[in-house]
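Got the viewer open? Let's take a walk through this model, one selection at a time.

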Amino acid sequence: MKVIKRLIKYLSITAGTMTIILTMAGAFAQNNQAPIQVGDKRPGFELRDLEGQYRHISEWDGKLIVLNFWATWCPPCLHEIPIFSSLHNELSDQGVQFLGIAVDNPRNINRFIKENGMSYPTLYGQQNATILAKIYGNKHGGLPYTVIIGRDGIILATHSGELQRDQLQALLKPAL
């Protein structure tokens, strides 16, 4: 009986992962096999949060979103997070929502957050997050990678590499 329960659990996890991959692949195909660009509508996606619940990007529709792809093993990513947390705290009352997408596993992410804190939600996806980053324009797969999404869901800017506070503020200012 335990073997059957484990098999059912494995198959449901695999089916959920395949649904996400197929959804992302469909979004990729809709863009004529090309990643999104500034001025395009953001593709939808769903990834797990650190409590294991699926969260959809549409939850934050109507907000100015700073979508940041990162990993615990990426030093420039880790340098950005305190800056992003500070700006999230300062700008959330103006409708700015930071959202981390970790290309990592939940154990590493939870350990990092416990040790360093993070004031905004993080979703994770490991390989799914890597695919999603490519769909969102990360052609070379480097981290960190940040996408600014307008309140109307239009991609306003993308940035490969570490962002300094003043650079990010300059990217956000026109949309505030």
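Select Leu 64 to begin: its bridge partner is Val 96 in β4. Leu 64 belongs to β3 (64-70), and seven bridges join β3 to β4, with the two strands running parallel. Strand names here come from DSSP: strands are E runs of at least two residues, helices are H or I runs of at least four, and both are numbered from the N terminus. Two strands pair if DSSP finds at least two bridges between them.

Before moving on, a word on what you're looking at. This is a predicted model, where local features need pLDDT of at least 70 and side-chain atom pairs count only at pLDDT 80 or more, while totals for chains, interfaces and linings use all residues. Residues are numbered from 1 along each chain as its sequence is written, and side-chain values use heavy atoms, with hydrogens and water left out.

**The strand in the middle of things**

Stay on β3 and colour it by burial. Seven of its seven residues are buried, so β3 is largely enclosed by the rest of the structure. (Buried means under 20% relative accessible area, exposed means over 50%, and partly exposed is in between, using a 1.4 Å probe and protein chains only.) Look at one side for Leu 64, Val 66, Asn 68 and Trp 70, then flip to the other for Ile 65, Leu 67 and Phe 69.

**Zoom out to the sheet**

Now show all the strands. What order do they take in the sheet? The order is β2-β1-β5-β4-β3-β6-β7, an open sheet of seven strands with mixed pairing. At the edges you'll find β2 (54-56) and β7 (155-160), each pairing on one side only. From one strand to the next, the twist averages 30°; axes are lines fitted to C-alpha atoms (for helices, over the stretch in contact), and angles run from 0 to 180 degrees between N-to-C directions.

Add helix α3 (residues 106-116), which lies across β3, β4 (96-102) and β5, running at about 160° to β5.

**Over to the hairpin**

Select β1 (residues 46-49) and β2: three bridges join them, and they run antiparallel. Glu 46 has His 56 as its bridge partner in β2, and Arg 48 has Tyr 54. Four residues sit between the strands of this hairpin, where Gly 52 takes a positive phi near 90°.

Next, click Gln 53, in the loop between β1 and β2. Setting aside residues up to four places away in sequence, Gln 53 touches Leu 47 and Arg 48; contact means heavy atoms within 4.5 Å. Try the distance tool from the C-alpha of Gln 53 to that of Leu 123: 70 residues apart along the chain, the two are separated by 9.3 Å. Leu 123 in β5 stands opposite Asp 49, and β1 and β5 are joined by two bridges, running antiparallel.

**Along helix α2**

Select residues 75-91 for helix α2. Its 17 residues should span 24 Å at 1.5 Å a residue, and its end C-alpha atoms are 25 Å apart, which agrees; the expected span is 1.5 Å times one less than the number of residues. Where is the kink in α2? Go to Ile 81, shortly before the proline Pro 82, for a kink of about 25°. That bend is the angle between axes fitted to the seven residues ending there and the seven starting there.

The buried residues of α2, among them Cys 77, Phe 84 and Leu 91, pack against β3, β4, α3, β6 and α5 (165-172).

Is His 88 buried or exposed? At 9% relative accessibility, His 88 counts as buried. Its side chain makes a polar contact of 3.5 Å with that of Gln 97. (A polar contact is a pair of N or O atoms within 3.5 Å; within protein, one must be able to donate a hydrogen and the other to accept it, and residues adjacent in sequence count only if both atoms are side-chain atoms.)

**Last stops: the loops around α4**

Gln 126 lies in the loop between β5 (122-124) and α4. Although not a glycine, Gln 126 has a positive phi of about 50°. At 38% relative accessibility, Gln 126 counts as partly exposed.

Past α4 (127-135), find Asn 138 in the loop leading to β6. Asn 138 is buried at 3% relative accessibility, and its side chain reaches the backbone nitrogen of Gly 141 at 3.1 Å.

Finish at Pro 144, in the loop between α4 and β6 (145-149). A cis peptide bond joins Leu 143 and Pro 144, with omega about -5°. Most peptide bonds are trans.
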